[in-house]
Amino acid sequence: MPATLLAGCLIGTPLVAAPAEPLPRLFAERWIDGTQGAEPSAQVQALDADTFVIRQSIATNFEAPFLYLLFGRDRVLLIDSGAEGGKIRPVVDGIIADWLAANKRQTIPLIVAHSHSHGDHVAGDAAFRDRPDTVVVGLKAADVASFFGIGNWPEQIATFDLGGRALRILPTPGHQAAAIMVYDPRLKILLSGDTLYPGRLYIPVNFLDDNRASIDRLAAFAKRHPIRAVLGAHIEMTRTPGRDYGHEALTHPDEHPLELPAGTIAELRTGLKARLDNPDQPQVHNRFIITPVPPRAE
């Protein structure tokens, strides 16, 4: 194992080869990564005329999270509101204004929901609370379940229709108690938050069983639904297999693509079957690192 990997894990931690499945490519532009000098506070790339991916600049917050804005005929869904230091509302307002003009509309209701409730995904909520025709979903699992009509949390998968665009909402507690994923059948993309992305997949050791159960359900869902790409909320891996950036790194040279293939779901499921109750011993994979952490309240 390369010495660079040993800094992040104990000797003997397995380096597991990723599946041969190639990485999907969805984005024409290179993401802002802190290496190109002055960069905007956020970058937007469109997947189609109704789907936009926003990255908060690493210059505003080392987390550099990704946010997702999905339009239907009747309403638009924002998944996450960014980390501290971000100015996400003007970006979202600008995209919505352009969409309304292109569609010859005057208004569309906005829903602000979250992949989960950690601070780097909800810090921008306050900027949306006074926005007209806007609902900000609560941060507890009960709030999320109530809003999306999930009567049997976390077993039930809900349908949330934006108007001609019916998304699937998958409860995935484990990384955090209120975590969800969102599947878009139109584009065949899975928005996976912090539960699966090219980076360190932090799992409190007291929630390992919850996480395993969530990924078991996700794997079953993936067998029934075509997934073109898994899109998470961060990038913390380089293009070198198994090598991540240091914690709070302010530049990401040679950054791994955001997109992951559907096969990483099965790889994560297999990795979670190992004993992972030692917070000091991550399990290194080519495209992500399963990282047990000490117990958390939620």
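A strand, such as β11, is a DSSP run of at least two E residues, numbered from the N terminus. With that in hand, let's explore this model, which is predicted.

**Exercise 1. Find the neighbours of strand β13, and decide which residues pair with L231.**

*Solution.*
Step 1: Start with β11, residues 189-193, which runs parallel to β13 and is joined to β13 by four bridges.
Step 2: Look across from L231 to β11, where L191 stands opposite.
Step 3: Now turn to strand β14, residues 259-260, which pairs with β13 in the antiparallel sense over two bridges. In β14, E259 is the bridge partner of L231.
Step 4: Put the steps together: L231 has L191 opposite and E259 as a bridge partner in β14.

**Exercise 2. Work out whether the two faces of β13 are covered or open.**

*Solution.*
Step 1: Recall that side chains in a regular strand alternate between the two faces of the sheet.
Step 2: Sort the residues of β13 (229-232) by side: A229 and L231 lie on one, V230 and G232 on the other.
Step 3: Check each residue against the cut-off for buried, under 20% relative accessible area. All four are buried, so both faces are covered.

**Exercise 3. Place L191, L231 and L258 in the nonpolar interior.**

*Solution.*
Step 1: As background, nonpolar side chains tend to be buried together in soluble globular proteins.
Step 2: Go to the largest nonpolar core, which has 31 residues. L191, L231 and L258 are among the members that touch the most others, along with Y68, L77, F148 and I169.
Step 3: Set that core apart from a second, separate one of 22 residues, which includes L190, L196, F221 and L260.
Step 4: Follow the contacts of L258. Leaving aside residues up to four places away in sequence, L258 touches V230, L231 and G232, and its other contacts include F27, W31, Y68 and P198.

**Exercise 4. Describe the cavities, and say which elements line them.**

*Solution.*
Step 1: Count them: the whole structure holds three cavities of 30 Å³ or more.
Step 2: Take the largest cavity, with about 60 Å³ of space. Among its 13 lining residues, Y68, I79, S115, L191 and G193 lie nearest the centre.
Step 3: Name the elements that give two or more residues to this lining: β4 (66-71), β10 (180-184), β11 and β13. The most come from β11, which gives three.
Step 4: Sort the lining of the largest cavity by class, which yields eight nonpolar residues, four polar and one charged.
Step 5: Move to the second largest cavity, of about 50 Å³. Helix α6 (208-224) and strand β9 (166-171) each give two or more residues to its lining, and α6 has the largest share, with four residues.

**Exercise 5. Compare what lines the two largest pockets.**

*Solution.*
Step 1: Begin with the largest pocket, which holds about 270 Å³. It is lined by 20 residues, and E63, D120, Y202, E236 and H247 are the closest to its centre.
Step 2: Split this lining by class to get six nonpolar, seven polar and seven charged residues.
Step 3: Repeat for the second largest pocket, with a volume of about 190 Å³. Here 14 residues form the lining, and R30, W31, R239, E255 and P257 are the closest to the centre.
Step 4: By class, the lining of the second largest pocket has four nonpolar, two polar and eight charged residues.

Terms used:
Residues numbered from 1 in each chain as written. Predicted model: local features only at pLDDT ≥ 70, side-chain atom pairs only at ≥ 80, totals over all residues. Heavy atoms only, no water. Buried < 20%, exposed > 50% of the residue type's maximum accessible area, 1.4 Å probe, protein only. Pairing = 2+ DSSP bridges. Core = buried A, V, L, I, M, F, W, Y, C linked by side-chain atoms within 4.5 Å. Contact = heavy atoms within 4.5 Å. 1 Å grid on protein atoms, 1.4 Å probe; cavity = no way out; pocket = protein on both sides within 12 Å on 5 of 7 lines; lining within 4 Å. Points joined across faces, edges and corners; volume = space filled by probe spheres on them. Nonpolar A, V, L, I, M, F, W, Y, C, P; charged D, E, K, R; others polar.
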